[in-house]
Amino acid sequence: MSGDFIFANPASQHSDGKQARRSINQARTFILDFFHLKEDHYNLFFHSGATEGLNTIINHFHHWAMNEKRPLILAYARGDHPAVVETCQSVSTAIQVELKRDSHGDYLHEENFQLLKGLKEKNPTAIILYNHLWLHNEIGVVSGLKELSQFKSIPDLYLSVDAVQTVGKFHQYRDLSDLVDFYTYSAHKFGALKGVGFSFVKSAHKLSPLIIGGGQQSKTRSGTENAMGVHSIKLALEDMATMDLAAIEAFKNKLSDKMGEWLKGKGALVGDRALQVSLNTIYFYLNNQFII
């Protein structure tokens, strides 16, 4: 190890390996603290990115339902990432539920709640995985977590939040609700190295591993741990903490207002009337005409 370049295998017993292990442990503690989570409430495992993390969670519920011979209900929205939609749809034995959104991109929580509640009443032994997209990367709509509390009144319903786009994109991105069972991130989205990510998992859950052979990370995800990648997460989050989000928001609002004026009669902004939007995204469409 030289400076921030951490190469050794953290499972090795030589001095460089032990230093790599210390670096991972320090990063783990820092990340949990950064998002205001307690180590006794949530476990943290590292992976190659959100695609793997989301696949791990969905496949865990598939195996759990099969092993206990219980129905599985997978709930997700059409605009979710393909890592959610396609993985859920690949579970042919599951009951597939499409969560509804309004024209501004906000979830129709009451309608979705009644739908899932009704399905649970018809399938009383069912396990439900609700996949929630916290921030839509294209239209910039932020779908809050507090509104999910009513869903936890449905027995055997678990919440998995795709938090990939959230870091640094709105003021409350570090305020994680302990109602949620899983949060998943890709680290390159906020400036860390590509090919590394992490998921928070409520301590009550023991995930079935997607990748086996080696037993690393308490058998949650086998394979030599990416010490350099994990260290880069810590460095990137330290940088994110110094960002002036208020200044970014002011600039974005000014630009959005100008875009709205320019688009009158030519097109429109999308998602700008949602309950909350990100600080860095402006999505618009143009009518079927040339703009000069």
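This passage describes the overall fold, the largest pocket and one residue of a predicted model.

The chain contains six helices and nine strands. Its radius of gyration is 21 Å, close to the 19 Å that the globule rule gives for 292 residues, so the chain is as compact as a globular protein of that length. The C-alpha trace spans about 70 × 55 × 30 Å along its principal axes.

Burial and surface were then computed for the whole chain. Of the 292 residues, 49% count as buried. The accessible surface comes to about 14,500 Å². Carbon and sulfur atoms account for 52% of that surface. Contacts were also sorted by separation in sequence. Among those between residues at least 6 apart, 64% join residues at least 24 apart.

Empty space was examined next. Rolling a probe the size of a water molecule over the atoms shows where such space is left. The largest pocket has a volume of about 330 Å³. It is lined by 16 residues. Gly144, Leu145, Lys146, Glu147 and Gln276 are the closest of these to the pocket centre. By type, the lining divides into six nonpolar, six polar and four charged residues.

Ser23 serves as a single-residue example. This serine lies in helix α1, which covers residues 15–34. Its relative accessible area is 5%. The cut-off for a buried residue is under 20%, so Ser23 is buried. Neighbours within four places in sequence were left aside when its contacts were listed. On that basis, Ser23 is in contact with Ile6 and His231.

Definitions and conventions
Residues numbered from 1 in each chain as written. Predicted model: local features only at pLDDT ≥ 70, side-chain atom pairs only at ≥ 80, totals over all residues. Heavy atoms only, no water. 1 Å grid on protein atoms, 1.4 Å probe; cavity = no way out; pocket = protein on both sides within 12 Å on 5 of 7 lines; lining within 4 Å. Points joined across faces, edges and corners; volume = space filled by probe spheres on them. Nonpolar A, V, L, I, M, F, W, Y, C, P; charged D, E, K, R; others polar. Helix = DSSP H or I, 4+ residues; strand = E, 2+ residues; numbered from the N terminus. Rg over C-alpha atoms; globule rule 2.2 N^0.38 Å. Buried < 20%, exposed > 50% of the residue type's maximum accessible area, 1.4 Å probe, protein only. Contact = heavy atoms within 4.5 Å. Areas by Shrake-Rupley, 256 points an atom, 1.4 Å probe, with all protein chains shown as cover.
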